[in-house]
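Student: Please take a close look at how the aromatic rings are arranged here, and go on to the side chains packed around them. I would like one connected account rather than a list.

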Amino acid sequence: MKTEVNPQETSRADAFSMWMSSPQPMVTLMKTFDVSRLRKASRETGIKFNVLLCWCIAKAAASIEEFYLLPQDGKLYRYDRLAVNVIVQNTKGGLGMCDVPFSDDITTFNATYLELTSQASRTCKRTYLEDCMVIGTSALPHTELDCIVNQYTGCYNNPFLVWGRYRKGWFKTTLPISLQFHHAQMDGAHACRFLNNLQGEIYGLGASK
């Protein structure tokens, strides 16, 4: 459910006042993750690497209140559910977007992910979940990336994560991931907590398989 809230009655009151009208309100952080266990879990379960990573992203965000808030059109909204947006190539050679609702159960999430992305690719139609707070993602496995910066104008205010090809080393596999967020939604400390949570979820997923 999407509900408009009074920013002055939230913990984001000062930040909303300072950053909502800023011409460049977005912040980008980058962290290099150890994804060795994630690769192992993908091999053992047959679930695609990016599906597992998207699930870990939503799971890491689920415990952080600020991820349920969205500053948009001069207002602040609160959601009670999360979803992950993924970019898929459609049958016409173009790109489409698909919102996948988060489920705490990885098997359910995987099944929904495969169904919705296949549908988006086949029909060439974008699918949106208006009742979910959507975390944007983009996987660019064509090359290794150190960092990527997206729009800084505030046109797309949702948190957005981007990564390229992972890097295989002698002892571990690493993957730099960029996180972009609107400063009215959260501060750097919240973003750092999320990034630490994400590494923890990746470790936990690998250890549980």
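**Aromatic pairs and their surroundings**

Tutor: The structure, which is a predicted model, holds four aromatic pairs. One of them joins F49 and Y166, whose ring centres are 5.0 Å apart. Their planes meet at 50 degrees, so this pair is classed as tilted. The two partners come from distant parts of the chain, 117 residues apart: F49 belongs to helix α3, while Y166 sits in the loop between β8 and β9 (167-168). Their exposure can be compared with the cut-offs, since buried means under 20% relative accessible area and partly exposed runs from there up to 50%. F49, at 13%, is therefore buried, and Y166, at 28%, is partly exposed.

Another pair is formed by F109 and Y113, with ring centres 6.1 Å apart. Here too the planes are at 50 degrees, so the pair is tilted. F109 and Y113 are four residues apart in helix α4 (residues 106-123), which means that about one helical turn separates them. Both rings belong to buried residues: F109 has a relative accessibility of 0%, and Y113 has 12%.

Aromatic rings also take part in contacts with charge. The charged end of K2 lies over the ring of Y77, 4.3 Å from the ring centre. K31 places its charged end over the ring of F33, at 5.7 Å from the centre.

F33 leads on to the packing of nonpolar residues. Leaving out neighbours within four places in sequence, L198 is in contact with F33, and also with L53, C56, I57, A60 and I177. L198 is one of three residues, with L53 and F194, that touch the most other members of the largest nonpolar core, a set of 48 residues. Helix α3 (residues 49-61) is the leading contributor to this core, giving 11 residues. A second core, separate from that one, has six residues, F16, M20, L69 and A184 among them. As a general background, nonpolar side chains in soluble globular proteins tend to be buried together.

M20 also appears in the contacts of a polar residue, N157. Apart from residues up to four places away in sequence, N157 touches M20, M26, L70, P71, Q72, H182 and Q185. N157 is found in the loop between β7 (133-139) and β8 (160-163). With a relative accessible area of 7%, N157 is buried. Its side chain comes within 2.7 Å of the backbone oxygen of P71, and the cut-off for a polar contact is 3.5 Å, so this pair is within it.

That leaves the cysteines. Zero disulfides are counted. For C54, the nearest cysteine sulfur belongs to C56 and is 9.5 Å away; a disulfide requires the two sulfurs within 2.5 Å, so C54 has no such partner. C54 is buried, at 1% relative accessibility. C192 is likewise in no disulfide, its nearest cysteine sulfur being that of C147 at 14 Å. In exposure, C192 is partly exposed, with a relative accessible area of 39%.

Definitions and conventions
Residues numbered from 1 in each chain as written. Predicted model: local features only at pLDDT ≥ 70, side-chain atom pairs only at ≥ 80, totals over all residues. Heavy atoms only, no water. Helix = DSSP H or I, 4+ residues; strand = E, 2+ residues; numbered from the N terminus. Buried < 20%, exposed > 50% of the residue type's maximum accessible area, 1.4 Å probe, protein only. Polar contact = N/O pair within 3.5 Å; in protein donor to acceptor, adjacent residues only side chain to side chain. Contact = heavy atoms within 4.5 Å. Core = buried A, V, L, I, M, F, W, Y, C linked by side-chain atoms within 4.5 Å. Phe/Tyr/Trp six-rings, centres within 6.5 Å; stacked < 30°, edge-to-face > 60°. Lys NZ or Arg CZ within 6 Å of the ring centre and 35° of its normal.
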